[in-house]
Amino acid sequence: MSDNIKLSIIVPVYNAEIYLDKCIASLLSQTVENFEILLVNDGSTDSSLEICNRYASKDKRIRVFSQENSGQSKARNVGLDNAVGEFITFVDSDDWVDSDYYEKLIRAAVLYNADVACGSIIRERKNSRKFRINYTDERCFVFAQDKIDAARVPNMCYVWNKVYRASFLKDINLRFIEGMFFEDVDFVTRAVYFSNKIVTVPGTFYHYFVNPNSTVKSMRKSDKKRFDSIVSKQYMLEFFRKYNLTSRPKNLVKKKNCIKFLGVTLMKIYEWETTKKYYLFGLIPICEKISYA
């Protein structure tokens with residue numbers, strides 16, 4: 001493998017045998033020159049590791065790492081520890097990307113000397129597809145609030161629709177919080193805020209597949225996931241306060257109370273940073289209180 005690696009693509013892999021071929025094929029078809037793929041097997045119990053090794057045996061651009069099941073955040077950190085590219089990106093093992101995705105993002109990052117480049121996202125379901133983010137202009141952002149808004153933080157803290165300058169991540173010592181769900185929230189918020197610039201790139205897409213059996217989906221009702229969701233949102237609120245950023249409260253509910261009688265929901269109360277909203281029967285908005293204290 002050439003020493004002059006332009007891009008390191010980090011892919012955490014856990015029981016992804018159904019989707020892995022499509023994911024890896026889309027990465028191998030990238031038009032960007034001199035890239036490497038780091039497949040990090042997170043203790044898969046299916047044939048994922050065998051699939052990874054098969055691809056690595058045929059293509060020198062692929063390296064495989066394996067660990068006991070420790071979670072996606074640690075797998076991504078393993079990738080960071082071993083990546084040698086000038087730029088770094090992440091892909092989930094059930095997703096795929098357009099063939100020119102990384103070429104366009106890196107070209108824009110180099111053109112604007114930006115630490116982070118952001119691409120568009122199509123959310124793929126079994127029988128439907130929808131734009132999640134659709135950038136229509138190539139634009140560079142320098143000021144903190146503009147960067148936050150352009151990257152769609154906090155509502156869309158996706159780590160994988162971006163490329164990051166490796167030297168920048170090293171300079172700010174940015175890592176994923178291990179053992180935690182929603183680890184993207186901390187990573188993306190810090191990367192966007194502390195970057196010198198970010199650039200948005202139109203005309204190419206990351207395809208985010210809504211896999212009902214993914215780690216996060218399978219943990220939908222777990223106490224651990226609920227706790228980590230609260231912690232990540234609280235972190236976001238504190239970060240925005242500390243750096244005088246304006247948050248969009250849509251997905252930053254600090255507290256939700258539900259008042260029931262004989263199993264029937266009479267009232268739901270949602271509390272945000274400065275706002276409380278009351279919904280009769282959980283559906284009908286009846287009152288809103290705003291505090292500027």
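Is D228 buried or exposed? I opened my notebook with that small puzzle, and D228 turns out to be buried, at 2% relative accessibility. Before going further I noted that this is a predicted model.

**Entry 1: the chain as a whole**

I started with an overview. I counted nine helices and 14 strands in the chain. The chain has 293 residues, and 48% of them are buried. I also looked up how far apart in sequence the contacting residues are. Of the contacts with a separation of 6 or more, 72% are between residues 24 or more positions apart.

**Entry 2: back to D228**

I wanted to know which partner D228 has. D228 makes a salt bridge with K224, and their closest N and O atoms are 3.2 Å apart. Both residues sit in helix α9, which covers residues 223–242, and because they are four residues apart there, about one helical turn separates them. The two ends of this pair have their own settings: D228 is buried at 2%, while K224 is partly exposed at 37% relative accessibility.

**Entry 3: salt bridges further afield**

How many salt bridges are there? I noted 15 of them. One of these salt bridges joins D184 to R76, with 2.6 Å between the closest N and O atoms. D184 belongs to helix α7 (residues 183–194) and R76 to helix α3 (residues 72–82), so this pair ties together parts that lie 108 residues apart in sequence. I checked the accessibility of both partners, and D184 and R76 are each buried.

Next I looked at R165, which forms a salt bridge with E86; here the closest N and O atoms are 3.8 Å apart. This pair, too, links distant parts of the chain: R165 is in strand β9 (residues 162–165), E86 is in the loop between α3 and β4 (87–90), and the two are 79 residues apart. R165 is buried, with 13% relative accessible area, whereas E86 is partly exposed at 33%. I then followed the connections outward and found K6, E86, D115 and R165 linked in a network of salt bridges.

**Entry 4: where α3 meets α7**

The D184 and R76 pair made me curious about the two helices. The axes of α3 and α7 come within 10 Å and cross at roughly 40°. Angles from 35 to 65 degrees fall outside the parallel and perpendicular ranges, and α3 and α7 are therefore oblique to each other. Which residues in α3 meet α7? I listed Q72, S73, R76 and L80 from α3, which meet E183, D184 and F187 in α7. Sorted by type, the residues of this contact are two nonpolar, two polar and three charged.

**Entry 5: a threonine in β4**

I moved on to T89, which lies in strand β4. T89 is buried, at 0% relative accessibility. A polar atom of the T89 side chain lies 2.7 Å from the backbone oxygen of K162. Setting aside neighbours within four places in sequence, I found T89 in contact with L7, S8, I9, I10, Y102, W160, K162 and V163.

**Entry 6: a valine in β10**

V201 was my next stop, in strand β10 (residues 198–209). V201 is buried too, at 1% relative accessibility. V201 and G119 are 82 residues apart along the chain, yet 5.1 Å separates their C-alpha atoms. Not counting residues up to four places away in sequence, V201 touches eight I could write down: K104, L105, A108, A117, C118, G119, S120 and Y135.

**Entry 7: backbone details in the loops**

I finished with a look at the backbone. Where is P154? P154 is in the loop between α5 (144–150) and β9. A cis peptide bond joins V153 to P154, with omega of about 15°.

Then I noted two asparagines. N113 has a phi near 55°, a positive value in a residue other than glycine. N113 is placed in the loop between α4 (101–112) and β6 (116–124), and it is partly exposed at 44% relative accessibility. For N244, phi is also near 55°, again positive in a residue other than glycine. N244 is found in the loop between α9 and β11 (255–261), and N244 is exposed, with a relative accessible area of 69%.

Note on methods:
Residues numbered from 1 in each chain as written. Predicted model: local features only at pLDDT ≥ 70, side-chain atom pairs only at ≥ 80, totals over all residues. Heavy atoms only, no water. Salt bridge = Lys/Arg side-chain N within 4 Å of Asp/Glu carboxyl O. Buried < 20%, exposed > 50% of the residue type's maximum accessible area, 1.4 Å probe, protein only. Polar contact = N/O pair within 3.5 Å; in protein donor to acceptor, adjacent residues only side chain to side chain. Contact = heavy atoms within 4.5 Å. Axes fitted to C-alpha atoms, helices over the stretch in contact; angles between N-to-C directions. Parallel < 35°, antiparallel > 145°, perpendicular 65-115°, else oblique. Nonpolar A, V, L, I, M, F, W, Y, C, P; charged D, E, K, R; others polar.
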